[in-house]
Amino acid sequence: MSDPSTSKPSTCFYEFGPFCLDASKHLLLRDGRPVSLTPKALEILLALVENGGRVLGKDAMLQKIWPDTLVEENNLTVNISALRKALGESPAEHRYIVTVPGQGYRFVAEIRELPGKSADLFLERTKAQIVIEEEEDGPNSEKSELAKSPARSLIWSRSGPSRALTFALVVGVIALTATAAILYRQRVETGGAESAPIRSVAVLPLKNLSDDPSNEYFSDGMTESLISALSRIEGLKVISRGSVVRFKGKETDPAEVGRQLGVEAVLEGNVRKSTDSLRVAVRLVSVKDGRVLWARDTHERALGDIFALQDDIARSVAAGLRLELAPEGEQRLTKRYTDNVEAYQLYLKGRYHVFELSTPDPVKTGMEYFKKAIEIDPNYALAHAGLADAYYGLSNAILPPGEAMPKARAAAMKALELDDTLAEAHISLGLVKLFYDWDFAWAEREFERAVELNPNDPVARNWYSWHLLFTGRSDEALAEMRRAEKLDPLSLKMKKDLGRVLYYARQHDQAIEQYKKALELNANDSQTHWFLGVTYVVKGRVSEALAEFQKAMALDDDRFRLPWLGCAYAMSGKRGEARKVIDEMESNQGYVAGYSIALVYIALGEKDAAFRLLEKDYQERNEVLVWARVDPLLDDLRSDPRFVDLMRRVGLAQ
């Protein structure tokens with residue numbers, strides 16, 4: 001691969017297609033008209049053109065364009081994207097710049113060199129079009145990044161009466177344009193009275209540049225902390241973690257990602273953490289034109305500075321979005337839940353294990369980290385809320401509800417005692433009230449409070465949607481779930497959950513279409529295949545259901561979903577196979593809800609056996625009885641007085 005640092009001197013003009021590139025003036029024209037490009041983009045174009053036909057390595061280009069500066073590869077990607085757009089390339093056809101996978105880029109168009117041309121000849125060829133563009137103060141300068149904008153231009157013709165007059169006009173034009181540039185810079189740096197605020201943003205997963213891969217929890221945690229902080233800004237739409245995580249570890253164009261997510265700006269960057277220090281580089285990019293609105297490289301900082309650093313970044317991003325915060329708004333933005341760095345790191349590890357499912361028993365592992373964080377800082381409300389969620393996650397899957405749910409309630413109540421404004425804790429308590437205490441009025445207050453505290457949180461809206469569904473308000477539930485999906489537009493979970501609400505609301509055809517959309521995001525998600533199969537079951541399309549179940553089992557051996565397979569067997573006349581499913585579930589050494597086995601008995605027409613199991617669930621206060629209120633697989637029981645009485649005792653009368 002060629003090294004751009006060894007390219008020939010920039011002393012000539014280059015022509016390709018309708019373009020002309022003046023190497024000495026760093027000026028690009030198309031059909032005689034100036035093309036607006038930032039200085040860095042022009043430098044990259046010049047390096048590519050001067051090495052036309054040869055592959056330029058990415059590392060060599062980064063070193064050439066940003067000498068003595070630590071920048072990530074994405075800077076190059078963004079500028080290449082801007083160049084392609086300026087050259088009129090389409091995603092399907094790259095006539096000028098071609099990506100060589102794993103290597104770099106190559107300029108492939110035919111180039112005509114015009115060496116030795118004078119400035120006079122150049123002005124004659126281009127009808128004397130003069131372009132004045134701002135200089136950069138440096139790659140890490142906030143002023144230079146904020147001031148980047150399309151070049152201002154002025155067209156002037158040499159057909160005047162004399163060269164003296166010509167020279168005077170040129171000098172006057174340059175002076176006026178320079179003055180305008182200075183005024184523009186001052187306006188940009190002070191925000192610009194006419195600059196409209198940016199009302200939507202996505203925070204892409206910060207890259208872990210540490211030598212130790214185990215530090216992934218830290219970069220992920222910082223990403224989530226920034227999302228959480230920005231979500232507290234009133235009127236700002238912030239895309240949730242569930243959607244942005246799809247871009248983790250991928251080379252992306254932030255402007256293109258922003259368009260996919262439906263936002264106006266994207267925050268991206270990286271984290272380099274060692275034992276006792278860290279370095280964070282971030283930048284805010286406009287989706288509309290790819291401009292860098294704000295950038296910051298912290299250089300080496302002590303790990304103990306993490307909280308002040310996060311506060312500083314959050315404030316700067318708000319300023320870059322041109323948002324004016326009232327004093328109380330800034331307090332919410334920079335709110336801290338602990339000042340202990342060790343407790344904070346333990347909390348981040350807990351969240352990482354729960355979200356990434358990075359261990360065979362991730363919820364238990366996460367729980368232990370939350371407990372350790374609480375031991376160090378007993379007043380860490382977020383850690384108490386995390387512990388509540390972990391206990392809820394163990395209920396009905398690993399631990400009996402009577403063992404797990406009271407502990408979840410205690411942890412949630414402690415979190416709210418420490419901080420009543422913590423949306424996460426209101427969600428945690430709402431789950432206990434909904435699924436264990438069966439206090440539906442209290443649960444609704446908790447979910448509504450969580451949505452009020454953080455309207456950007458799709459998790460709060462998701463659980464509020466389920467509550468609305470269980471309490472007989474399916475239209476409201478669907479509206480709330482669609483709001484959650486808009487906040488998390490590329491989240492597989494949100495797409496699946498919308499399908500499930502449609503299923504429970506008896507809109508089965510729409511549910512099938514929604515599950516198919518989810519499979520477009522991930523065709524290998526076993527859970528989606530299970531859900532799609534169940535919908536086929538209630539539609540009576542048993543052969544299609546069995547096909548989906550087989551796909552699901554080939555992808556993931558999830559024994560908790562076997563009841564649905566048993567239902568399909570029973571409905572297709574394979575009663576012996578259905579009973580084998582019952583035997584396998586009854587022999588399971590872990591906790592199994594009676595409801596799961598009851599589903600198969602219902603499909604077999606054995607209602608007495610089903611009611612015995614459902615009564616067992618009632619005695620254990622199992623959350624499955626809340627789902628029974630809406631599950632189509634129990635429709636054959638709804639007219640039975642025993643079922644009516646069961647739902648009355650749960651508090652969800654038909």
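Biologist: Why is Lys539 called partly exposed?

Modeller: In this predicted model, Lys539 has a relative accessible area of 35%, and since the partly exposed class lies between the 20% limit for buried and the 50% limit for exposed, Lys539 belongs to that class.

Biologist: What makes the contact of Asp509 with Lys539 a salt bridge?

Modeller: The closest N and O atoms of Asp509 and Lys539 are 2.7 Å apart, which is within the 4 Å that the criterion allows between a Lys nitrogen and a carboxyl oxygen of Asp, so the pair qualifies. Asp509 sits in helix H21 and Lys539 in the loop between helix H22 and helix H23, so that the pair links distant parts of the chain, 30 residues apart.

Biologist: How do you know whether Asp419 is buried or exposed?

Modeller: Asp419 has 10% relative accessibility, and because buried means under 20%, Asp419 counts as buried. Its salt-bridge partner is Lys335, with the closest N and O atoms 2.7 Å apart, and Lys335 is partly exposed at 30%.

Biologist: Which residue does Glu43 meet in a salt bridge, and what is the N to O distance?

Modeller: The side chain of Glu43 meets that of Lys40, at 4.0 Å from N to O, and the cut-off for such a pair is 4 Å.

Biologist: Why are Glu43 and Lys40 separated by about one helical turn?

Modeller: Both belong to helix H1, where they are three residues apart, and therefore about one turn lies between them. Lys40, at 10% relative accessibility, counts as buried, whereas Glu43, at 24%, counts as partly exposed.

Conventions:
Residues are numbered from 1 along each chain as its sequence is written. This is a predicted model: local features need pLDDT of at least 70, side-chain atom pairs count only at pLDDT 80 or more; totals for chains, interfaces and linings use all residues. Side-chain values use heavy atoms; hydrogens and water are left out. Helices (H or I, at least four residues) and strands (E, at least two) are DSSP runs, numbered from the N terminus. Buried means under 20% relative accessible area, exposed over 50%, partly exposed in between (1.4 Å probe, protein chains only).
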